[in-house]
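User: Could you take a close look at one part of this model for me, a hairpin and the strands around it? I would like a connected account that also places that part in the whole protein.

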Amino acid sequence: HTLIHHTKPINTLKISGDGTTLISGADDGTLAVWDLGSGKHIQIISIVFNGPVSAATWMPLAANGLAQTFIFGCSNGSLHVYHCAHHEPTYDYASSFPSHEGAIKDISYDPRHHWVASVGGGVLKVWSVDSTGRLLQLHSPAYLEQFRSIVQHHFDTC
């Protein structure tokens, strides 16, 4: 399939863990949710007032590990969480808030600890996420703010 929606360059693409759904975010200030089986978009989320969508990731918060929630970040430093309840075809707004002083550069999710890490304005922040997609900032010690982060990745040695 050729997936057509965005009118400006695409910045982020993520396929859900079950391989059925794709999210794409672009400079046009939209995030598209795609059904990979049909090639059609399920939903378009317009957040143009927050600037380009710069990063996104899936967060399989459900006990069965299915990717029913995703988070994305914008150039104004805001994070946005959308959740799909009861296997509906569309995603509902769960939360959003300003989180960084600069554009979100990357987002990563750790399913073991239910943590989200985000980088924006050169600062790394770590968040705890509950089953509804609400975030609570865990770590952003002052000494870390002197370092400039570009990308982060979660990993477990256990």
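Analyst: Happy to. Two strands count as paired if DSSP finds at least two bridges between them. The model is a predicted one, and with that rule in hand we can start at the hairpin formed by strand 9 and strand 10, which has four residues between its strands. Strand 9 covers 104-110 and strand 10 covers 115-120. The two run antiparallel and are joined by six bridges. One of the bridge partnerships is that of aspartate 110 with tryptophan 115 in strand 10.

The turn itself deserves a pause. Histidine 114 sits in the loop between the two strands, and its phi is positive, at about 60 degrees. Most residues other than glycine have a negative phi. Histidine 114 is a residue other than glycine with a positive value, and that makes it worth a look when you inspect the backbone. Its relative accessible area is 31%, so histidine 114 counts as partly exposed.

Moving along the chain, strand 10 also pairs on its other end of the sequence with strand 11, residues 123-129. Here too the strands run antiparallel, with six bridges between them. Glycine 120 stands opposite valine 123 in strand 11. This second hairpin has two residues between its strands, and glycine 121 there takes a positive phi near 60 degrees. Strand 10 thus has six bridges to strand 9 and six to strand 11. How enclosed is strand 10 by the rest of the structure? Five of its six residues are buried, so strand 10 is largely enclosed.

Now for the setting. The protein has twelve strands and zero helices, and its pattern along the sequence is an unbroken run of β elements. Of its 158 residues, 45% count as buried. The accessible surface is about 8300 Å², and carbon and sulfur atoms account for 56% of that area. Among contacts between residues at least 6 apart in sequence, 40% join residues at least 24 apart.

What about the interior? In soluble globular proteins, nonpolar side chains tend to be buried together. The largest nonpolar core here has 14 residues, and Ile23, Leu31, Ile45, Phe70, Phe72 and Tyr91 have the most contacts inside it. Strand 3 (30-35), strand 5 (53-58) and strand 6 (69-74) each give two or more residues to this core. Apart from it lies another core, of 13 residues, including Ala55, Met59, Leu79 and Ile107. Ile107 brings us back to the hairpin, since strand 9 spans 104-110.

Phenylalanine 70 is a good residue to click on in the larger core. Leaving aside neighbours within four places in sequence, its contacts include Ile23, Leu31, Ile45, Trp58 and Tyr91. There are eight aromatic pairs in the model. In one of them, the ring centres of tryptophan 58 and phenylalanine 70 are 5.5 Å apart with planes at 80 degrees, so the pair is edge-to-face, the class for angles over 60. This pair links distant parts of the chain, with tryptophan 58 in strand 5 and phenylalanine 70 in strand 6, twelve residues apart. Both tryptophan 58 and phenylalanine 70 are buried. Ring pairs also tie these two into a cluster with Phe72, Tyr82, Tyr91 and Tyr93.

Note on methods
Residues are numbered from 1 along each chain as its sequence is written. This is a predicted model: local features need pLDDT of at least 70, side-chain atom pairs count only at pLDDT 80 or more; totals for chains, interfaces and linings use all residues. Side-chain values use heavy atoms; hydrogens and water are left out. Buried means under 20% relative accessible area, exposed over 50%, partly exposed in between (1.4 Å probe, protein chains only). A nonpolar core is a set of buried Ala, Val, Leu, Ile, Met, Phe, Trp, Tyr and Cys residues joined through side-chain atoms within 4.5 Å. Contact means heavy atoms within 4.5 Å. Accessible areas come from the Shrake-Rupley method with a 1.4 Å probe; for residues, only the protein chains shown count as cover. Rings of Phe, Tyr and Trp (its six-membered ring) pair if their centres lie within 6.5 Å; planes under 30 degrees apart count as stacked, over 60 as edge-to-face and the rest as tilted.
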